[in-house]
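Me: I should like to go through this model and ask, for each label attached to it, what the label rests on. Please set the values against the criteria as you answer.

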Amino acid sequence: MDVLKQRIVRDGVALGTEILKVDSFLNHRIDVGLLAEIGAEFRRRFSDVAGEVDKILTVEASGIAVAAFAARSFDDVPVVFAKKAQPSTMDDEYFFSEIMSFTKRQMTAIRIAKKFLAAGDRCLVIDDFLAHGQAALGLLHIARQAGAEVLGAGFVIEKGFQGGGAKLREKGVRVESLAVVREIKDGQITFE
Ligand code: 5GP
């Protein structure tokens, strides 16, 4: 998606070789015009299954805005976002998964209330970033517990060099990333 790549080059800030900061349009201040275009692009990418999508799954907090705009392009299907919680709060009302956050360097439990995800639900996973794939794998784990089906996973930015995309594709998940970063080096961001 050229407009997105141009925006990343213009406004993205490289932190070392691993992290891309895009808080001026995606993660802190939100450019809603761009998010509307991103939502429409997800619809184009998943047009063959668009009529089958029942729900969009994401993880709080940064996935919510992207997922909500995507949902507008998928006939306003509901967005269900996994909440982050301490494992000690586990009970039977929730599906849980534990994921490693490489940016925060800690394990995080994510949970979705059982009443919001049912067997047979056909879902798209949508998130802002795909890095090591932990957040997406956690959502897949939760979907499996619920008996829900994941039709595919869409990401605004995939960092291709961190392996998450390969892990998801190995599991047979269809991945659509709107911008795939090949390398972050000397403050320069290059795309595949
Ligand atoms: P993963 O679970 O795939 O390792 O990482 C994805 C999650 O970590 C995303 O939901 C995103 O919030 C966060 N994340 C990973 N890498 C980056 C990055 O380079 N920049 C920002 N802003 N967030 C990131």
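**Labels and their grounds**

Reply: Of the 192 residues in the protein, 48% are buried. The model is a predicted one.

Me: What makes the protein as compact as a globular protein of its length?

Reply: The secondary structure comprises six helices and ten strands. The radius of gyration of the protein is 16 Å, and the globule rule gives 16 Å for 192 residues, so the protein is as compact as a globular protein of that length. The C-alpha trace spans about 50 × 35 × 30 Å along its principal axes. The accessible surface comes to about 9400 Å², and carbon and sulfur atoms account for 49% of it. Among contacts between residues at least 6 apart in sequence, 64% join residues at least 24 apart.

Me: Why is T108 called buried?

Reply: The relative accessible area of T108 is 13%. The term buried applies under 20%, and T108 therefore counts as buried. T108 is placed in strand β6, residues 106-113. Beyond residues up to four places away in sequence, T108 touches K84, S97, E98, I99 and S101.

Me: Why is D75 called exposed, and why does D76 count as partly exposed?

Reply: D75 has a relative accessibility of 61%. The limit for exposed is over 50%, so D75 is exposed. D76 has a relative accessibility of 45%. Partly exposed covers the range between under 20% and over 50%, and D76 is therefore partly exposed. D75 is in the loop between α4 and β4 (79-85), and D76 is found in the loop between α4 and β4 as well.

Me: What is notable about phi in D75 and in D76?

Reply: Phi of D75 is positive, at about 55 degrees, although D75 is not a glycine. D76 also has a positive phi, near 60 degrees, in a residue other than glycine.

Me: What kind of peptide bond joins E60 and A61?

Reply: The bond joining E60 and A61 is a cis peptide bond, with omega at about 0 degrees. A61 lies in the loop between β3 (55-59) and α4.

Me: Which residues touch the most other members of the largest nonpolar core?

Reply: They are L4, I38, F42 and I56, in a core of 34 residues. The elements that give two or more residues to this core are the helices α1 (2-11), α2 (23-27), α3 (32-45) and α4 (62-73), together with the strands β7 (122-130), β8 (149-159), β9 (175-185) and β10 (188-191). Another core, of 25 residues, lies apart from it, and L57, C123, L139 and F155 are among its members.

Me: With which residues is F42 in contact, leaving aside its neighbours within four places in sequence?

Reply: F42 is in contact with V66, A70, F74, I126, G154, F155, V156, E176 and L178.

Me: How do you know that N27, A135 and K159 make polar contacts with the ligand?

Reply: A polar contact requires a pair of N or O atoms within 3.5 Å. A polar side-chain atom of N27 lies 3.0 Å from a nitrogen atom of the ligand. For A135, a backbone N or O atom lies 2.8 Å from an oxygen atom of the ligand. For K159, a polar side-chain atom lies 2.7 Å from an oxygen atom of the ligand. Each distance is within the cut-off, so these pairs are polar contacts. Taken alone, the ligand exposes 510 Å², and the protein buries 83% of that. There are 15 residues around the ligand, and the closest are L20, A131, G133, A135 and K159.

Me: Why does R169 count as partly exposed?

Reply: R169 has a relative accessibility of 42%. This value falls between the limits for buried, under 20%, and exposed, over 50%, so R169 is partly exposed. R169 is placed in helix α6, residues 164-170. Leaving aside its neighbours within four places in sequence, R169 is in contact with E158 and V175. The C-alpha atoms of R169 and G152 are separated by 10.0 Å, and the two residues are 17 residues apart along the chain.

Me: How far apart are S24 and S101 in sequence and in space?

Reply: S24 and S101 are 77 residues apart in sequence and 22 Å apart in space, C-alpha to C-alpha. S24 is placed in helix α2. Not counting residues up to four places away in sequence, S24 touches D11 and R29.

Note on methods. Residues numbered from 1 in each chain as written. Predicted model: local features only at pLDDT ≥ 70, side-chain atom pairs only at ≥ 80, totals over all residues. Heavy atoms only, no water. Core = buried A, V, L, I, M, F, W, Y, C linked by side-chain atoms within 4.5 Å. Buried < 20%, exposed > 50% of the residue type's maximum accessible area, 1.4 Å probe, protein only. Helix = DSSP H or I, 4+ residues; strand = E, 2+ residues; numbered from the N terminus. Contact = heavy atoms within 4.5 Å. Near = heavy atom within 4 Å. Polar contact = N/O pair within 3.5 Å; in protein donor to acceptor, adjacent residues only side chain to side chain. Areas by Shrake-Rupley, 256 points an atom, 1.4 Å probe, with all protein chains shown as cover. Rg over C-alpha atoms; globule rule 2.2 N^0.38 Å.
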